[in-house]
Amino acid sequence: MLSEEERKEIEAECALYEHRRPATSEALKIVQRHRGWVSDEAVKDVAEILGASADEVESVATFYTLIFRQKVGRHVILICDSVSCYIMGYETLKEHLGRVLGIELGQTTSDGRFTLLPNACLGVCEQAPAMMIDEDVHGHLTPEKIPDILSRYA
Amino acid sequence: MAVLYVDNQPHEIRPHEVGKNLLKVCLGLGFNIPYFCWHPAFQSVGACRQCAIKLFKDEHDTKGKIVMSCMVSAKDGMRISIDDPEAIEFRARVIEWLMLNHPHDCPVCDEGGECHLQDMTVMTGHTYRRNRFAKRSFRNQDMGPLVAHEMNRCIQCYRCARFYRHSAGGRDFGVMGWHDRVFFGRFEDGVLQSEFAGNLVEVCPTGVFTDKTQARHFTRKWDLQTAPSVCVHCGLGCNTIPGERYGSLRRIRNRYNHRVNGYFLCDRGRYGYEFVNSPHRIRQPLLRENQAALRPISAQAAITHLGNLLHSGRAIGIGSPRASLETNYALAKLVGAENFYHGMPTKHLRIVRAMLDVLKRGPAPSASLHDMEKCNTIFMMGEDIHNVGPLMVLSLRQAVLQKPIAEAAKLHISDFEDAVIREAIQQEKGPFFTGVPGFTKLDDQVTQAYRGAPHDIARLGFAVAHMIDPAAPAVEDLPVERVQFAQRIAKALQDKKPLIVAGYNCGSESIVRASANVAWALRKKGFAAHLAYTVPECNSMGTALMDGGEIDDAVQAIASNGIDTLIVAESNLYRQLSLSGFDTILRRIKHLVVLDCLPNETTAWAELVLPAATFAEGSGTLVNNECRAQRFYQVFSPAGDVRESWKWLSAAMVASGRAQSEPWPDLDAVLAALARDIPVFAKVPGITPPSSFRLMGMPVPRESHRFSGRTAIDADQTIHERPPEPDADTPLRHSMEGYPLQPPASLLGRYWAPGWNSDHALNKFQQEIDGPLREDAPGVRLVEPSGGQPSAEALNIEYLGLVPPAFQRRAEEWLVIPAYHIFGSDELSMHSPGIAELAAKPYLQLNQADADSLGATPGQLMTMTVESAVCTFPLKVGPGLPDGVVAIPFGLPGLPGVALPAWGKIRPAQPGEPTGVRQA
């Protein structure tokens, strides 16, 4: 069940549109902001609020890679694998991150702290190679900088 | 005539094809252009990139540019190339890329051999796979008993999602994911909720969606014996292609009739066929002697026995709206017209006759399903259309888009640009008003609905008619909010193409009369109103066009006049009569003779049972809801003594001494007699060619030229090749041999053309794409308004009166109304396992306030006494039902035919009271 606060925020989004269904993506973002990810249960709840079917909400939810339909860690690392970052050392960085965290792309650390995901361009080619943790972009990365950055995310 | 230059050759195209998309125009000219996402019923989106061709500016342009033919309008003088090397190369690359993840599992795929993807792959010359990488794979979903899902075969053409959501209005299926993990399916496993889900099997160009019922007795397309047929599971008369092998019916596919069902069927029509294969089928005549059990006897002994019964004593006959015209006519001739009664509930007969009266008097004609699609304003009275005339839903869904599409046209959007049109019109819909006794699945299309009891719906209709033309009878004491609603409807209906929908759902003749007044008032004002009626059975209109008594009169005659023999043709009296009426017949009649295909409550009491052919095993004529007579042909010769009922009755004529020789030795003879005796059927023989019809001296084969095993099919029993089963009734043959080319449309039992093995071969059989078939024969309409459709000034309309009083709820009694179910209310399809699995379970339904007033909760057993029946069923709470009204499902197995609406009493069931129906 969605919380009263989530429902209120979704209703506020709905008020901006002529129909309720265009608020689908925003509603999913609201749920994810509160819970870190969107469960099957939450998809059904959002559908009910919007007068949509679960299938219709799922179509939107699964279209966007940054709507997480599986449980993720407390912090999500999006490592950029676009052309610029690839040239500037994405692969070394990815292997290093994987070694430090003990996981591969698409996995979550056993303590539930980090999930490591690839991302096709963070839009900061001038800082390549780059990654994003939660809302923060980290550029000009080298393996040496990694431990310090990670330590900021409990 | 306009000219289109294709590869420098001029081709004439019809003026109205200018502005249509090039793919459609070129296919119509006979060219082969591969395509996936385009479908004539849902137009172009330009998604698959497969139909690429070259477009040239003028005759001097040698370079040209690649365009998607489905997205470009044809223009006079336009120059295109299909065979341009770059276009060929482009199409080959596209299909290679679409095929990257395809599993190439054709030998184990049910679509193999009739697969559009196979055809297109061969057409583009993609014969060698170069991709060495792993293919993506999916977990398939369980989508219920009718449709199988194998997502790995998907090429992402999006047709399934477009059909399911846009055409059929389903909301529990769609497209998930992105990139190379696009998935077409449901949020979670479960039965597809749309009544039209079975069309995915034909809409999908490959084997993602296949027929789950066919999989249990799978046969390739070319091994099936097929013939043109008509669906028997509701009154709309959709055209079908049943396929048989080894004596069992394997599947039903859509048969295109541009006036009726176009490209689609409902799931009851597609999957109801398995009753033909039921292990309970009656395959031999059965006789009961000295109150013993029914025992098989020979056909000759049965005919002799029936002859003896008819020879002595008085006999009457009860026909059936699910039997052919020929059978009903033969029975009426055998017992005499004055002794012939209609085998449908009296209420149904009166409603259908009221409809016929309205359609005969005119001036508003009945609309075909195709006509309905083009209407732009709808007023529907009393119908839960998903459950009483399912395919009409697809037409109504098109009709509500007509006004928004006309608006979109003002933005210079071509009429084939589906995605652009949908973007432009968003959720706009044309005016669609309903008066219904509860919520329906079509409510999301409706502008405004009134929910009331049948009488109040009729009163709303009468009021609308009066507001359009004050000469129509007025309605007294209508509440002010309903007056306003009626005014709104009356205003909206005064448009170019209004459609008035009514039918039998509420069991109300008043609604039919009201619908007539509305349509006639509109005609008088100069608006081209059409009427669309639903009818209960596949031949309700046809039998109602014949003279005959009501079934309750038959009970009266039996109760009072000492009638010895009752012959019942393909009708289960238990479903047509109240329990007491049924009981009267069983107690009073000495000899009960029943012709039917499956055992039921009536055959259980019969003295003589004769095995009747189903639609697939016999030939005959049915008249649909718009009074269109259509022929269905025998698909295969049945095992045992099964034959058409009219053949049994014809033989009985001789055995009883009522004729010297069989009056109707074949179908043509019975049709000729029918046309001679009953003038309204004069055109019925001519709707298909006579049995003597030949093409280049040859009959038309029911088996394809690739039919396998002809010489070996009986090898386990005999080394001799079985001779073809004889067929004296039709120009068709149970054989591979015969006329090898395109027969006339009325004899067309399969679509195949070189290079086109799938249903898409239909392209090659249409005069123009999405138009009539070649040598079209869409059936013959038997009833048109008398005196044609005169101009508004020349009209002299006598409006129908008898405005019913407003519904008053009673203190101790409830108005019981029928609730029809697409899966459950039809008698024969309930013998098909897939349909039976999805069928509704019996219930009593009240609205919340009424349930509260009885202190009852959902699921609690309630007992209702109505007429002579006591029913104990669980309570369902249904929103939208009017106060004081209770709904019970109609026609579920075991439920007797109570004439609804009727007044009944309800109370909570006592402990230990058994569920079910019993006599009071």
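**Where chain B meets chain A**

About 1,200 Å² is buried between chain B and chain A, with carbon and sulfur atoms giving 51% of that area (buried area is the accessible area, 1.4 Å probe, that two parts lose on being put together, summed over both). On the chain B side, B:Arg171, B:Trp178 and B:Phe187 lose the most area to chain A, together 53% of what that side buries. This is a predicted model: local features need pLDDT of at least 70, side-chain atom pairs count only at pLDDT 80 or more, and totals for chains, interfaces and linings use all residues. Residues are numbered from 1 along each chain as its sequence is written, chains are lettered from A and ligands numbered from 1 in the order written, and side-chain values use heavy atoms, leaving out hydrogens and water.

**The interface**

- Contact (heavy atoms within 4.5 Å) links 14 residues of chain B with 17 residues of chain A.
- The rule finds two salt bridges across this interface (a side-chain nitrogen of Lys or Arg within 4 Å of a carboxyl oxygen of Asp or Glu).
- A:Lys44 forms a salt bridge with B:Glu188, and their closest N and O atoms sit 3.6 Å apart.
- Sorted by class, the chain B side that touches chain A has five nonpolar, four polar and five charged residues (Ala, Val, Leu, Ile, Met, Phe, Trp, Tyr, Cys and Pro count as nonpolar; Asp, Glu, Lys and Arg as charged; the others, Gly among them, as polar).

**Helix H3 of chain A**

- Helix H3 (residues 40–50; helices are DSSP runs of H or I, at least four residues, numbered from the N terminus) has buried residues including A:Val43, A:Val46 and A:Ile49 (buried means under 20% relative accessible area, 1.4 Å probe, protein chains only).
- The buried residues of H3 pack against helices H1 (4–14), H2 (24–35) and H4 (54–63) of chain A.

Key
Buried means under 20% relative accessible area, exposed over 50%, partly exposed in between (1.4 Å probe, protein chains only). Helices (H or I, at least four residues) and strands (E, at least two) are DSSP runs, numbered from the N terminus.
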